[in-house]
Every structure is written in C-alpha cells, then in structure tokens.
Amino acid sequence: MNNSTEYEFFTRKIYQQLVDADTLKATKVMHNVMLEGKSSQKHQIDVYWEYEKSGIKTCVAIECKNYNSTVPIGKVRDFFGVLYDLDNVAGIMVT
C-alpha cells in the first residue's frame with residue numbers, strides 16, 4: 001500500500017470516528033468510490049461520507065492530498081470541477 005492510500009484510509013478513519021461518536025447519524029463512510037456526475041462522467045472520490053442531521057441528508061466528497069509541498073492550484077480546480085459536476089455533494093480537501 002502506498003503513502004497516499006494510507007493517508008486516504010487515515011482520513012476515512014477520522015470521519016468514521018465522528019460517526020462513532022454519535023454526533024451525526026451516518027449512513028456511509030466509504031473509501032475509493034465512483035460517483036456519476038450530471039455530465040454522465042464517473043468521478044473517483046477518495047473518501048465519500050453521507051450523514052443525516054436534523055433529518056437532512058448531506059453528501060460529502062473528500063479529496064486527500066498527501067503532499068510534502070503546497071497543493072497546486074490545478075488540483076484544487078480539478079476538485080472544484082468534480083464537485084460542480086456532482087449533484088448536491090459538498091467537498092472537503094484534506095492536505
């Protein structure tokens with residue numbers, strides 16, 4: 001397993017702990033998920049998190065960047081493009 005994949009699993013574990021703390025009612029915390037956008041393009045998501053709070057379901061795509069330097073603006077724009085294509089999915093970039 002490479003460092004990037006380990007970082008993704010570490011990130012998933014953090015969000016799973018939020019679920020386990022019973023702060024939110026979660027339905028899913030998954031690693032390496034494919035979601036289809038409005039354009040019919042499939043997008044790979046590092047960590048996908050669905051939860052419910054006050055009866056409202058929220059979907060979150062989490063992009064993990066395990067870099068030793070600043071994340072290039074192009075990577076941020078790419079992630080923004082993915083979020084723009086997905087329907088009603090929020091985004092978090094973990095670096």
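Is asparagine 88 buried or exposed? In this predicted model, asparagine 88 is exposed, with a relative accessible area of 64%. The residue belongs to the loop that runs between α2 and β4. Its backbone also deserves a look: phi of asparagine 88 is near 60°, a positive value in a residue other than glycine. For a reader new to backbone angles, it helps to know that most residues other than glycine have a negative phi. Serine 40 offers another example, with a positive phi of about 75° although it is not a glycine. Serine 40 is found in the loop between β1 (25-36) and β2, and it counts as exposed because its relative accessibility is 51%.

From these loops, the description can turn to the strands and helices. Strand β3 (residues 56-64) and strand β4 (residues 90-94) pair in the parallel sense, and five bridges join them. Within this pairing, cysteine 64 stands opposite valine 94 in β4. Together with helix α2 (residues 73-85), β3 and β4 make a right-handed β-α-β unit.

Cysteine 64 leads on to the question of sulfur bonds. A disulfide is a covalent bond between the sulfur atoms of two cysteines, and a search of the whole structure finds zero of them. Why is cysteine 59 without such a bond? The closest cysteine sulfur, in cysteine 64, is 17 Å from the sulfur of cysteine 59, which is too far for a bond; the cut-off is 2.5 Å. Cysteine 64 is likewise in no disulfide. Cysteine 59 counts as buried because its relative accessibility is 13%. Cysteine 64, at 7% relative accessibility, counts as buried too.

Aromatic rings give the next part of the picture. Such a pair is described by the distance of the centres and the angle of the planes. The search of the whole structure finds three aromatic pairs. One of them joins tyrosine 15 and tryptophan 49, whose ring centres are 4.8 Å apart and whose planes meet at 55°, so this pair is tilted. The pair links distant parts of the chain, with tyrosine 15 in helix α1 (residues 3-20) and tryptophan 49 in strand β2 (residues 42-53), 34 residues apart. Tyrosine 15 is buried at 13% relative accessibility, and tryptophan 49 is buried at 6%. Tryptophan 49 also forms a tilted pair with tyrosine 51, at 4.6 Å centre to centre and with 35° between the planes. Both tryptophan 49 and tyrosine 51 are buried. Tyr15, Trp49 and Tyr51 thus appear as one aromatic cluster. Elsewhere, a ring meets a charge: the charged end of lysine 38 sits over the ring of tyrosine 84, 5.3 Å from the centre of that ring.

Strand β2 holds another residue worth finding in the model, histidine 43. Histidine 43 is buried, with a relative accessible area of 12%, where the cut-off for buried is under 20%. The side chain of histidine 43 makes a polar contact of 2.6 Å with the side chain of aspartate 85.

Finally, helix α1 contains threonine 5. At 22% relative accessibility, threonine 5 counts as partly exposed. The C-alpha atom of threonine 5 is separated by 9.4 Å from that of asparagine 32, and these two residues are 27 residues apart along the chain.

Technical notes: Residues numbered from 1 in each chain as written. Predicted model: local features only at pLDDT ≥ 70, side-chain atom pairs only at ≥ 80, totals over all residues. Heavy atoms only, no water. Buried < 20%, exposed > 50% of the residue type's maximum accessible area, 1.4 Å probe, protein only. Phe/Tyr/Trp six-rings, centres within 6.5 Å; stacked < 30°, edge-to-face > 60°. Helix = DSSP H or I, 4+ residues; strand = E, 2+ residues; numbered from the N terminus. Lys NZ or Arg CZ within 6 Å of the ring centre and 35° of its normal. Pairing = 2+ DSSP bridges. Right-handed = clockwise from strand over helix to strand, strands pointing away. Polar contact = N/O pair within 3.5 Å; in protein donor to acceptor, adjacent residues only side chain to side chain.
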